[in-house]
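Subject: Structure handover

Hello,

Here is the structure we discussed, with the sequence alongside. Please open it before reading on, as the notes below refer to individual residues.

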Amino acid sequence: MSSEAKPTNGTNGAAAPETTVELAVEQAKRAFALKKYEQAVEHYATALEIATKKAGEDAPETADLYFSYGRALLENAISQSSVLGKEQPAEVPEEESHKAGSSKNGPILSFSGDGDDGDDPVVDLSAQPEDDDGSDEEGDDDGEPEDDFNAAWEVLDLARAIYEKQLKDEDDEEVRLKLADTFIALGDVSLETEKFDQAITDYQSGLDLKLKLLPTSSRQIAEAHYKLSMVLDLTSGRLADAIGHVEKALESVEHRLAELRNGLQGQFTPAPTEKPDPKGKGKQVARLVRDDLIQNMSKTQIENEIKDLDELKVDLALKIEELKSSPNDQQASAPELAAKALDAELNAASSSAAPTVVNDLTSIVKKKKKNPEDTSAAGKRKAESEVEEASSEKKARLEETPAS
């Protein structure tokens with residue numbers, strides 16, 4: 001076998017491990033955690049290439065890869081657009097690293113807690129990701145953020161289609177929650193590209209699924225409500241709806257805070273219990289859990305999360321006040337806003353065209369033929385005036401005639 005087929009480590013000459021889906025995914029997660037999104041995109045692409053060759057492009061096992069790949073593409077597009085627009089701060093706080101709002105709105109509030117994805121394996125952040133081409137996090141200058149946004153949408157939409165196909169074959173709660181996450185990610189893409197109507201549709205779909213799967217106290221519920229409120233705030237006539245969803249996000253945070261404070265006193269919310277397998281095979285299926293179980297947390301961890309959520313609660317309350325102080329006319333419905341705009345335009349057109357209309361009407365009146373049999377009051381006054389004028393002229397001529 002040629003030397004090219006046996007890549008070696010430059011330090012000791014040992015053969016490098018063969019690239020597998022698992023290795024590529026591990027490298028991608030590490031790069032993503034370090035915010036080296038372009039490298040994450042490359043590693044996920046490698047993992048997908050290997051997986052699709054083995055199982056096919058629409059195989060159920062590729063859905064998770066498509067989802068992760070799409071998220072990496074989205075974050076890479078966001079980071080590139082921020083750099084090109086010179087809007088990225090010198091340092092981004094760790095808690096704000098995963099944003100979903102567009103640059104107009106700034107990063108959204110952090111709802112995810114310490115971890116990013118609760119079901120992801122632990123990644124060694126101290127290790128450096130392996131780079132076959134020696135590229136750094138800045139990557140090439142040839143890439144366009146818009147291309148990555150479009151690619152992110154297509155990849156995430158493919159993940160959505162695969163998850164929905166899986167659900168037709170088997171109604172699995174884990175798959176439904178993954179589908180919900182995919183809808184939320186699609187909403188993120190639409191929000192970034194200012195396709196607000198589509199963002200509302202996808203965020204609402206994701207929220208509806210999460211509400212059926214997770215408790216009110218879940219931080220994922222709070223995050224979904226808040227993201228939906230963001231895009232509603234950017235949509236004409238939806239201010240009241242935006243306020244409602246921020247209030248529900250605040251309610252969700254308050255539920256979690258109550259559970260945490262009860263936990264400090266030794267009062268825990270019962271852990272989700274296992275339920276029978278719907279297939280009836282006698283197996284036990286664990287209920288969905290996405291937030292840390294308070295009974296498994298230390299006192300310090302509980303206190304830290306309480307502090308974190310107290311700050312988030314203040315931010316949400318301020319956001320509600322900010323939205324409520326917006327001009328009242330923004331709360332009008334879309335048809336009402338359109339009617340107001342049309343009336344204003346018509347009134348402006350009438351005002352500017354008034355002199356012209358009057359002049360045209362005057363010219364028409366001047367060109368109108370006289371009616372000799374006009375019996376109106378105006379006609380009588382005009383006829384009497386003409387008679388008086390003729391009489392005066394005749395009298396003046398008589399007075400000027402010298403006596404004989």
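Glu223 and Lys227 are both buried. Please keep in mind that this is a predicted model. The two residues form a salt bridge, with their closest N and O atoms 3.8 Å apart. Glu223 and Lys227 sit four residues apart in helix H7, about one turn of the helix.

Salt bridges

That pair belongs to a longer list: searching the whole structure gives 17 salt bridges. In general, side chains of opposite charge can pair when their charged atoms come close.

Another one joins Asp157 to Arg160, where the closest N and O atoms are 2.7 Å apart. Both residues are in helix H4 (residues 145–169), and because they are three residues apart there, about one helical turn separates them. Asp157 has a relative accessible area of 25%, so it counts as partly exposed.

Asp308 and Arg219 also form a salt bridge, at 2.9 Å between the closest N and O atoms. This pair connects distant parts of the chain, since Asp308 is in helix H9 (residues 299–324) and Arg219 is in helix H7 (residues 219–233), 89 residues apart. The two ends differ in exposure: Asp308 is partly exposed, with a relative accessible area of 30%, whereas Arg219 is buried, at 8%. Asp308 and Arg219 are also part of a network of salt bridges that links them with Arg256 and Glu305.

Nonpolar cores

The largest nonpolar core has 44 residues, and the members that touch the most others are Val21, Tyr44, Leu65, Tyr69 and Tyr163. At least two residues of this core come from each of helix H1 (21–33), helix H2 (37–55), helix H3 (63–84), H4, helix H5 (173–192) and helix H6 (196–213). H3 gives the most, with ten residues.

To look at one member in detail, take Val21. Apart from its neighbours within four places in sequence, Val21 is in contact with Ala47, Ile50, Ala51 and Leu65.

There is also a second, separate core of 33 residues, with Leu191, Met230, Leu239 and Ile306 among them. As background, nonpolar side chains in soluble globular proteins tend to be buried together.

If you only have time for one view, start with Arg219, which is buried and belongs to the network with Arg256, Glu305 and Asp308. For the core, start with Val21 and its contact with Leu65.

Regards

Terms used
Residues are numbered from 1 along each chain as its sequence is written. This is a predicted model: local features need pLDDT of at least 70, side-chain atom pairs count only at pLDDT 80 or more; totals for chains, interfaces and linings use all residues. Side-chain values use heavy atoms; hydrogens and water are left out. A salt bridge is a side-chain nitrogen of Lys or Arg within 4 Å of a carboxyl oxygen of Asp or Glu. Buried means under 20% relative accessible area, exposed over 50%, partly exposed in between (1.4 Å probe, protein chains only). A nonpolar core is a set of buried Ala, Val, Leu, Ile, Met, Phe, Trp, Tyr and Cys residues joined through side-chain atoms within 4.5 Å. Contact means heavy atoms within 4.5 Å.
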